[in-house]
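Let's take a friendly walk through a protein model, from its surface to its strands and its charged pairs. Have the sequence and the 3D view ready as you read.

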Amino acid sequence: SPRKTPHLVNLNEDPARSECLLYYINEGITRVGKHDSQKRQDIQLSGLNIADEHCLFENKDGLVTLIPANGEVYVNGKLLADSQTLSTGCRIIMGNNHVFRFTHPDQVREQRERRERERAG
């Protein structure tokens, strides 16, 4: 169900434009790249420094891995050279203008439950 599906939400310095786009990372491979790429991209971006096939997300066994392809991708400010397993709250930058926050609902729920257990002591 969408409420349990990991996703990206856009971030923008303009609060009116922030958190208005949501991209689900479904089970399997999710491709990110230009809308006019020869191979169909699941998440289609445009703008400077977006490659035809920019990167991939693999959602497998409850883990989401970001795999660089032909475009530069930054995770929490660091250029991604190899694949990286993502955790809730990661900031992802693609191209010059696309900034996202990654959220994994299962991880959010686990964090909330852990905090509640710690409070209950």
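## A tour of the model

Arg 117 is exposed, because its relative accessible area is 55% and exposed means over 50%. Keep in mind that this is a predicted model. Arg 117 sits in helix α1, which covers residues 105-120. Which residues form a positive surface patch? Arg 117 is one of them, together with Arg 112, Arg 114, Arg 115 and Arg 119.

### The open sheet

Now turn to the strands. Five of them make an open sheet, and its pairing is mixed. Reading across the sheet, the order is β4-β3-β5-β6-β9. The edge strands are β4 (43-45) and β9 (84-85), each of which pairs on one side only.

Let's look at one of those edges. β4 pairs with strand β3 (residues 28-34) in the parallel sense, over three bridges. To find one contact between them, pick out Lys 34: its bridge partner in β4 is Leu 45.

### Strand β11 and its partners

Strand β11 is a good place to practise tracing pairs. On one hand, β1 and β11 pair in the antiparallel sense, with five bridges between them. Here Asn 10 stands opposite Phe 100 in β11.

On the other hand, strand β10 (residues 91-94) also runs antiparallel to β11, and four bridges join the two. In this pairing Arg 91 stands opposite Arg 101 of β11. β10 and β11 form a hairpin, with three residues between them. In the turn you will find Gly 95, which has a positive phi of about 65°.

### Salt bridges

Side chains of opposite charge can pair when their charged atoms come close. How many salt bridges does the structure hold? There are four, and the table shows some of them.

| Side chains that meet | N to O distance |
|---|---|
| Asp 14 and Arg 17 | 3.9 Å |
| Glu 19 and Arg 101 | 3.0 Å |
| Arg 40 and Asp 42 | 3.1 Å |

Take the salt bridge between Glu 19 and Arg 101. This pair links distant parts of the chain, with its two residues 82 residues apart. Glu 19 lies in the loop between β1 (7-11) and β2 (22-24), whereas Arg 101 belongs to strand β11 (residues 98-103). Arg 101 is also the residue that Arg 91 faces across the hairpin strands.

How open to the surroundings are these side chains? Glu 19 is partly exposed, with a relative accessible area of 48%. In the Asp 14 and Arg 17 pair, Asp 14 counts as partly exposed at 32% relative accessibility, while Arg 17 is exposed at 54%. The Arg 40 and Asp 42 pair also has an exposed arginine: Arg 40 has a relative accessible area of 60%. Its partner Asp 42 counts as partly exposed, at 40%.

### A loop residue to find

One last stop is Asn 76. Where does Asn 76 lie? Look in the loop between β7 (73-75) and β8 (78-79). Is Asn 76 buried, partly exposed or exposed? Asn 76 is partly exposed, because its relative accessible area is 47%, which falls between the 20% limit for buried and the 50% limit for exposed. If you would like to try a distance in your viewer, use the C-alpha atoms of Asn 76 and Ala 51. These two residues are 25 residues apart along the chain, and their C-alpha atoms are separated by 20 Å.

Methods: Residues numbered from 1 in each chain as written. Predicted model: local features only at pLDDT ≥ 70, side-chain atom pairs only at ≥ 80, totals over all residues. Heavy atoms only, no water. Patch = residues over 30% accessible without salt bridge, like charges linked within 9 Å, V, L, I, M, F, W, Y side chains within 5 Å. Areas by Shrake-Rupley, 256 points an atom, 1.4 Å probe, with all protein chains shown as cover. Lys, Arg positive; Asp, Glu negative; His and termini not counted. Charge placed at Lys NZ, Arg CZ, Asp CG, Glu CD. Buried < 20%, exposed > 50% of the residue type's maximum accessible area, 1.4 Å probe, protein only. Pairing = 2+ DSSP bridges.
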